[in-house]
Amino acid sequence: MKRIFALLLCLMLLPIAALAEEQIITITCTGDTTLGSNKRVQTKFYEASYQYYIEQNGYAWPFAGIKHLTENDDITLVNLEGVLHMPEELSTSRFAFNGPADYAKILTEGSVEIVNLANNHIGDSLQEGYDSTIAALDAEGIKYCGDTDHGRELYWFDFDND
C-alpha cells in the first residue's frame, strides 16, 4: 500500500514541478481491478463468471459506470489484481485470478492508461503469467509499474507525447 501512495505522490508532484506554466492535471485512481475469475467460478459457475459477462456485454462493460470520469482525466491508474494469462492448468487456489490476454482491451475501452502490478496476485501464474500480462499490456499501449518478485517496472508519463 505504501508503494501505491508513493507512486501516486510522484505522479502528482513530478509533472507539476516540471511545468513552467500552471496546468491542471486530473488523475483518477481505482482500487483492485480483477479482469477474470478463479478456476472454480470459470468452470462450475460459468454463468456467474467474469468471462461470461464479458462475452455477453463486451470489453467496455466493466468500466461503463465510470467511463465519464476515466475518459475525461489525464491519467487513470488501476491496481491490476490478477494476470492476463490462461494456462493449461489453472491454479486450484480459491484466490488466483486470471483472464485471457485479450482482456487488456478492457483497460483500453475503459480509458485506463497505467496499471500497478505490485500486488499479491501478479504471481498467480508464476513468471509465465507475469510475462503474458506484460505482453498483453504492451500490445494495448497500457503503461505499468510495480516492484514484484517477477519484475521491477516503472514507467513515467511524458505529458507532451502521451
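A residue counts as partly exposed when its relative accessible area falls between the buried class, under 20%, and the exposed class, over 50%. With 36%, Tyr-53 therefore lands in that middle class. This and everything below refers to a predicted model.

Starting with the overall picture, the protein chain comes to 6 helices and 7 strands. Going along the sequence, these follow the order α-β-α-α-α-β-β-β-α-β-α-β-β. The chain has 162 residues, and 41% of them count as buried. As for the surface, the chain exposes about 9,300 Å², with carbon and sulfur atoms supplying 53% of that area. Long-range contacts feature heavily: among contacts with a separation of 6 or more, 71% are between residues 24 or more positions apart.

Back to Tyr-53 and its surroundings. The structure holds 3 aromatic pairs. In one of them, Tyr-52 with Tyr-53, the ring centres sit 6.0 Å apart and the planes meet at 90°, so the pair is edge-to-face. Tyr-52 is also partly exposed, at 23% relative accessibility. Trp-61 joins in as well, since ring pairs link Tyr-52, Tyr-53 and Trp-61 into a cluster.

Helix H3 covers residues 50-57, and its buried residues are Tyr-50, Gln-51 and Ile-54. Looking down the axis of H3, these buried residues stay within an arc of 100°, so they line one face of the helix. After H3 comes Gly-58, which has a positive phi near 90°.

A second spot worth a look is Val-78, which belongs to strand S2 (residues 75-80). Val-78 has a relative accessible area of 1%, so it is buried. Leaving out residues up to four places away in sequence, what does Val-78 touch? The list takes in Thr-30, Gly-31, Thr-33, Phe-63, Leu-107, Val-112, Ile-114, Val-115 and Asn-116. There is also a C-alpha to C-alpha distance of 6.7 Å between Val-78 and Asp-32, which are 46 residues apart in sequence.

Glu-109, in helix H5, offers another view of how parts of the chain come together. Its C-alpha atom is separated by 7.7 Å from that of Phe-63, 46 residues away along the chain. Phe-63 also turns up among the residues that Val-78 touches. Setting aside neighbours within four places in sequence, Glu-109 is in contact with Tyr-59, Ala-60 and Lys-67. The relative accessible area of Glu-109 is 36%, so this residue is partly exposed.

Helix H5 is also involved in a charged pair. Side chains of opposite charge can pair when their charged atoms come close. The structure holds 1 salt bridge, and the partners are Glu-140 and Lys-105, whose closest N and O atoms are 3.5 Å apart. That pair links distant parts of the chain, with Glu-140 in helix H6 (residues 126-140) and Lys-105 in helix H5 (residues 104-109), 35 residues apart. Are the two partners buried or partly exposed? Glu-140 has a relative accessible area of 25% and is partly exposed, and Lys-105 is partly exposed too, at 34%.

Past H5, the loop between that helix and strand S5 (114-116) contains Ser-111. The backbone here deserves a comment: most residues other than glycine have a negative phi. Ser-111 is not a glycine, yet its phi is positive, at about 60°. With a relative accessible area of 17%, Ser-111 is buried.

That leaves the cysteines. A disulfide is a covalent bond between the sulfur atoms of two cysteines. How many disulfides does a search of the whole structure find? The count is 0. Cys-29 is partly exposed, with a relative accessible area of 38%, whereas Cys-145 counts as buried at 2% relative accessibility.

Methods
Residues numbered from 1 in each chain as written. Predicted model: local features only at pLDDT ≥ 70, side-chain atom pairs only at ≥ 80, totals over all residues. Heavy atoms only, no water. Phe/Tyr/Trp six-rings, centres within 6.5 Å; stacked < 30°, edge-to-face > 60°. Buried < 20%, exposed > 50% of the residue type's maximum accessible area, 1.4 Å probe, protein only. Helix = DSSP H or I, 4+ residues; strand = E, 2+ residues; numbered from the N terminus. Arc of directions from axis to C-beta. Contact = heavy atoms within 4.5 Å. Areas by Shrake-Rupley, 256 points an atom, 1.4 Å probe, with all protein chains shown as cover. Salt bridge = Lys/Arg side-chain N within 4 Å of Asp/Glu carboxyl O. Disulfide = S-S within 2.5 Å.
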